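Okay, thanks for coming, everyone. I'll put the structure up now, and then we'll walk through a handful of residues and helices.

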Amino acid sequence: MPELIPSRDVTHAAGSFSVWLEQQQTARGSDVPCGSCTACCESGYFVHITPEDGDALTHIPEALLFKAPARPAGHYVMGFDARGRCPMLEDGQCAIYEHRPQTCRDFDCRVFAATGIAAGGDDKIRVNARAGQWQFSLTDAEQIELSQMQRVGAWLLAQPDAPSNGTQLALLSLELWGDLVDAGDFSTEVLRAALTRRIQQRGSRP
Ligand code: SF4
């Protein structure tokens, strides 16, 4: 599995770790301080568009939408060009920013920084680089939580039944960390049981 590209000189303030964590666990849509970064829009991600994305659907040309595999009618994906760029990216900016799909609003590359899991390989090198530059502001207690989260991420990376997709891995890692907090037990046995349960839950979803 590729690794994050640790920052040598450049850092970006990721904000309070607790605020970020609460957003991840409760909110829909992330308030990411992207600045001028468009790494995720240029990294070969398929953008999933759901029937709830009515506003986005009126702003994306029909020719760019393809039926989403294994999803009900009304679900689409928008692809990317040969350089991995979303077709709605124009002159380095999202041409439909105010109308962008929920998938884009939810994407938060700070999850890679928090879990220590890379977004992917060469095609995700810009996201990995950005993730390596994030610096959360941390209290002593938050530093302990972050270290725990990264230990869970490192453990998950070594499991043969873990997903291979970087985003899925990072989000699963976050869920597992939450399971351990709920259990009040960070042992490998509890972690293994939590992973097995999470994989079974995913497998049983329609
Ligand atoms: S729709 Fe806009 S925000 Fe979403 S990937 Fe494309 S350019 Fe980026």
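Which side chain does the side chain of Asp108 make a polar contact with? Have a look while I say that this is a predicted model. Right, so the partner is Arg110, and the polar contact between the two side chains is 2.9 Å. Asp108 sits in the loop that links helix 3, residues 102-106, to helix 4, residues 110-115. Despite that loop position, Asp108 is buried, because its relative accessible area is 5%, and the cut-off for buried is under 20%. What packs on it from elsewhere in the sequence? Setting aside neighbours within four places, Asp108 is in contact with Trp20, Gln24, Ser30 and Val32.

Next, Glu42, which is another acidic residue in a loop, this one between helix 1 (17-26) and strand 2 (47-49). Is Glu42 buried or exposed? Buried: Glu42 has 15% relative accessibility, so it falls under the 20% cut-off. Its side chain has two polar contacts I'd like you to find. One goes to the side chain of Thr38, at 2.4 Å. The other goes to the side chain of Arg126, at 2.9 Å. If you leave out neighbours within four places in sequence, Glu42 is in contact with Arg83, Gly84, Arg85, Leu89 and Arg126. And for a sense of scale, Glu42 and Ala158 are 116 residues apart in sequence, with their C-alpha atoms 28 Å apart in space.

Now the ligand. The residues around the ligand are Cys41, Val47, Met78, Cys86, Met88, Leu89, Cys94, Arg100 and Cys104. How does that shell break down by class? Eight nonpolar residues, no polar ones and one charged. Leu89, by the way, is in that shell and is also among the contacts of Glu42.

With those cysteines in view, how many disulfides does the structure hold? Zero. Two of the ligand-shell cysteines are worth comparing for exposure. Cys86 counts as buried because its relative accessibility is 14%, under the 20% cut-off. Cys94, at 26%, counts as partly exposed, since that value lies between the 20% and 50% cut-offs.

Let's do the helices. Helix 5 covers residues 125-133, and its buried residues are Val127, Asn128, Arg130, Ala131, Gly132 and Gln133. What covers them? The list includes strand 1 (12-16), helix 4 and strand 7 (134-137). So helix 4 turns up again here; it's the helix that follows the Asp108 loop. Helix 6 takes in residues 140-157. Does its length come out as expected or not? At 1.5 Å a residue its 18 residues should span 26 Å, and because the end C-alpha atoms are 26 Å apart, the two values agree. Buried in helix 6 are Glu142, Leu146, Gln148, Met149, Val152, Gly153, Trp155 and Leu156. When you look at that pattern, keep in mind that an α-helix has 3.6 residues a turn, so residues three or four places apart point the same way.

Helix 7, residues 166-183, also has 18 residues, and it reaches 26 Å from first to last C-alpha, close to the 26 Å expected. Its buried residues include Leu172, Leu176, Trp177 and Asp179. Which residue caps the N-terminal end of helix 7? Asn165: one of its side-chain oxygens lies 2.9 Å from the backbone nitrogen of Thr167. At the other end, helix 7 is followed by Gly184, with a positive phi near 65 degrees.

Hold on to Asp179 for a second. Arg198, in helix 8 (residues 188-204), joins its side chain to that of Asp179 through a polar contact of 2.7 Å. Not counting residues up to four places away in sequence, Arg198 touches Leu172, Glu175, Leu176 and Asp179.

Last stop, backbone angles. Ala70 isn't a glycine, yet its phi is positive, near 55 degrees. Ala70 is in the loop between strand 3 (65-67) and strand 4 (76-78), and it is exposed because its relative accessible area is 85%, over the 50% cut-off. Asp91 is another non-glycine with a positive phi, about 50 degrees. Asp91 lies in the loop between strand 5 (89-90) and strand 6 (93-94), and with a relative accessible area of 82% it is exposed too.

That's my tour, thanks.

Terms used:
Residues are numbered from 1 along each chain as its sequence is written. This is a predicted model: local features need pLDDT of at least 70, side-chain atom pairs count only at pLDDT 80 or more; totals for chains, interfaces and linings use all residues. Side-chain values use heavy atoms; hydrogens and water are left out. Helices (H or I, at least four residues) and strands (E, at least two) are DSSP runs, numbered from the N terminus. A polar contact is a pair of N or O atoms within 3.5 Å; within protein, one must be able to donate a hydrogen and the other to accept it, and residues adjacent in sequence count only if both atoms are side-chain atoms. Contact means heavy atoms within 4.5 Å. Buried means under 20% relative accessible area, exposed over 50%, partly exposed in between (1.4 Å probe, protein chains only). A residue is near a molecule or strand if one of its heavy atoms lies within 4 Å of it. Ala, Val, Leu, Ile, Met, Phe, Trp, Tyr, Cys and Pro count as nonpolar, Asp, Glu, Lys and Arg as charged, and the others, Gly among them, as polar. The expected span of a helix is 1.5 Å times one less than its number of residues. A disulfide is a pair of cysteine sulfur atoms within 2.5 Å.
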